[in-house]
Amino acid sequence: MTPLNRPISLLLVLLLSACTTLKSPLHSNAPAPSNAEAADDEATASAEDTANLPRLELTPQIVYGVLASEIAAQRGAAGSSAVTYLDLARQTKDPRLAQRAAEFALFSGQLKEASAALALWMELDPSSQVPREQLFITMLRSGKLAESEPLVEDLLKREPQRAPDIFVQLARLTARQSDKQAASALVNRLASRYPELPEARFAVIAVAAEINDEATIQREFDRLAQIAPKWDLPVAWQTDRLRRIRLDQAIDFLQRELQRRPDAGLELRTAYPRLLVGAKRFVEARSAFEALLKQNPDNPELLYATGLLAYQLRDLDAADQRLSAALQQKHPEADFIRFTLGQVAEDRQDKSAAYRWYESVGKGPQYLPAQARLAALDAADGKLDQALQRLAPLGEGEQEKVQVAMQQAEMARNAKRYDLSYRILTQALESWPRSPELLYDRALVSDQLGNLGDAERDLKALLKEKPDDPQALNALGYTLANRSSRHQEALAYIEKALKADPDNPMILDSMGWVLFKLGRNEAALKYLERSYAAMQDSEVAAHMGEVMWKLGRKQEALGVWNRALARDPGNEALQDVLKRFRLP
């Protein structure tokens, strides 16, 4: 609980009852007791609890200072509350007021005031270890390494059993110091007295990492493997550190550590295949997850991971089996699993099973995607109106409703009902007239309808919202190149798009096509070949073949077209170019 939220009910009761001893406002979370209850509590308090506390007359200055400070803190002014409490503590010599001052100072990030309050609290209550620990932490946060060292040494001497926690704190705090070498020296001096304490070795590792002392890091991990082979924290810490530097280094490090830590926890062992997934080494990741699953056959996370990887690698039977088992083991991502099982069923051409899985997805993040897949299945069966009706009431908020409209328009477009697609998008744009996604999609439909003016209008409206968007620049340039004689204007848009996204195969295709329209065939072919190498798209094949034909390389053109037709026999762009060249 933060200082701002601590109740002050006990303090208020004491003030109202005009008690002459100021009790601490720091520890009560209970509702305010009655005066009688307060009196009973006072009567049963041991003499030991109050023997070392000053007897204070509750002056108006103290009452006003406490109340004003608490109210100010509740209103967001904890810093000023800390100053007031510190002043009161100095006047009264009451450690509880010093403690309250420290709490507010730490909460508001006033390290100087916090240090002063903690030092005063420690002076007024020498037996308490809390201010000592908080003071050394505050000193370290302030970068005062020399001042913090005797405090740490004293704390280690007074409470040796707390050495593990203290060294973990040191590992966390010294890594933030601006003087990395001094921090390393401090930790090494303290840790040298604890050669067999794993947490001390970890603190040495943490500061060594800050000065890039890889030799020390390796030496200390060798030591930890001997004295603490079951302590996973340092290995997890170093793995995460290396992951942010170079993923392959993290993978190699964790693999090595797991080999010499046969009793490592499942969470750490699971981190290894997860790193492999991050590196897109899916086959290795699947093998590693499978090995863990053999040892933990009912673990829902492992079933889930192996199922997703099986799907990624197109092993549909295994994906179905593992994901179904994860569902039976009550994996928390149940709806995502049901949605994925629907996709698996679709890929296996089992539409009835896909329907069942998608319909079983409940309300939540996966509901809209599942309903969209159900609508797509309806549309594929020729039930376009049913598909559109399924989607019509869905979506919460602008983003989802825009996505629904786009999906409906795409279904109508796929069914070659371009007028309907245009109407759906126009209706949506009445609600969200500046939506870039809707403007872009309506421009595409206008292009398919042969309405150059409408397409140009929407793409220029989109560019007013996103003037440097490469997708919109490319679309406008390609449309002008393909539907008009304004080829120089088209070239300017495409050049700007290509500058923003130089390796995008769609923009490379557009550049090749507009150069072809300008009669620059050799230059056009180079762009089209780059596009086709990156993305063997049928429309790119149609363009590339046409340029080759114009250059007299007719056999090469036929080869490109025939290979594309074998993959995509119904493609309209291919069929159009073959018709124009009167080819069978």
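# Side chains that meet: a short briefing

A search of the whole structure turns up 40 salt bridges. The structure is a predicted model, so keep that in mind as you look around. The same kind of whole-structure search finds 10 aromatic pairs. Below are some examples of each, together with one threonine that is worth a visit.

**Salt bridges between helices**

- Start with E214 and R241, whose side chains meet in a salt bridge with an N to O distance of 3.0 Å.
- This pair links distant parts of the chain, as E214 sits in helix α13 (residues 214-227) and R241 in helix α14, 27 residues apart.
- E214 is partly exposed because its relative accessibility is 39%, and partly exposed covers values between the 20% and 50% limits.
- R241, in contrast, counts as buried, with a relative accessibility of 10%.

**Salt bridges within helix α27**

- D454 and R457 are joined by a salt bridge between their side chains (3.3 Å, N to O).
- These two residues are 3 residues apart in helix α27 (residues 452-465), so about one helical turn separates D454 from R457.
- D454 is partly exposed at 24% relative accessible area, and R457 is partly exposed at 39%.
- E456 and K460 form another salt bridge, and their closest N and O atoms are 2.8 Å apart.
- Here the spacing is 4 residues in helix α27, so E456 and K460 are also separated by about one helical turn.
- E456 counts as buried at 12% relative accessibility, while K460 counts as partly exposed at 33%.

**A salt-bridge network**

- Salt bridges can also join up: D222, E257, R260 and R261 are linked in a network of them.

**Aromatic rings**

- One of the aromatic pairs is F202 with W237, an edge-to-face arrangement with 5.6 Å centre to centre and 85° between the planes.
- The pair links distant parts of the chain: F202 belongs to helix α12 (residues 198-210) and W237 to helix α14 (residues 233-245), 35 residues apart.
- F202 counts as buried at 5% relative accessibility, whereas W237 is partly exposed at 27%.
- Another pair, W561 and F581, is tilted, with 5.8 Å centre to centre and 40° between the planes.
- W561 lies in helix α33 (residues 554-567) and F581 in the segment after α34 (572-580), so this pair ties together parts that are 20 residues apart in sequence.
- W561 is buried at 0% relative accessibility, and F581 is buried at 18%, which falls under the 20% limit.
- F202 and W237 also belong to an aromatic cluster, in which W231 takes part too.

**A charge over a ring**

- K363 lies over the face of Y367, at 5.2 Å from the ring centre.

**A buried threonine**

- T306 is found in helix α18, which spans residues 300-312.
- With a relative accessible area of 0%, T306 is buried.
- A polar atom of the T306 side chain lies 2.8 Å from the backbone oxygen of L302.
- Setting aside its neighbours within four places in sequence, T306 is in contact with F289, E290, L293 and R322.

Definitions and conventions. Residues numbered from 1 in each chain as written. Predicted model: local features only at pLDDT ≥ 70, side-chain atom pairs only at ≥ 80, totals over all residues. Heavy atoms only, no water. Buried < 20%, exposed > 50% of the residue type's maximum accessible area, 1.4 Å probe, protein only. Polar contact = N/O pair within 3.5 Å; in protein donor to acceptor, adjacent residues only side chain to side chain. Contact = heavy atoms within 4.5 Å. Phe/Tyr/Trp six-rings, centres within 6.5 Å; stacked < 30°, edge-to-face > 60°. Lys NZ or Arg CZ within 6 Å of the ring centre and 35° of its normal. Salt bridge = Lys/Arg side-chain N within 4 Å of Asp/Glu carboxyl O.
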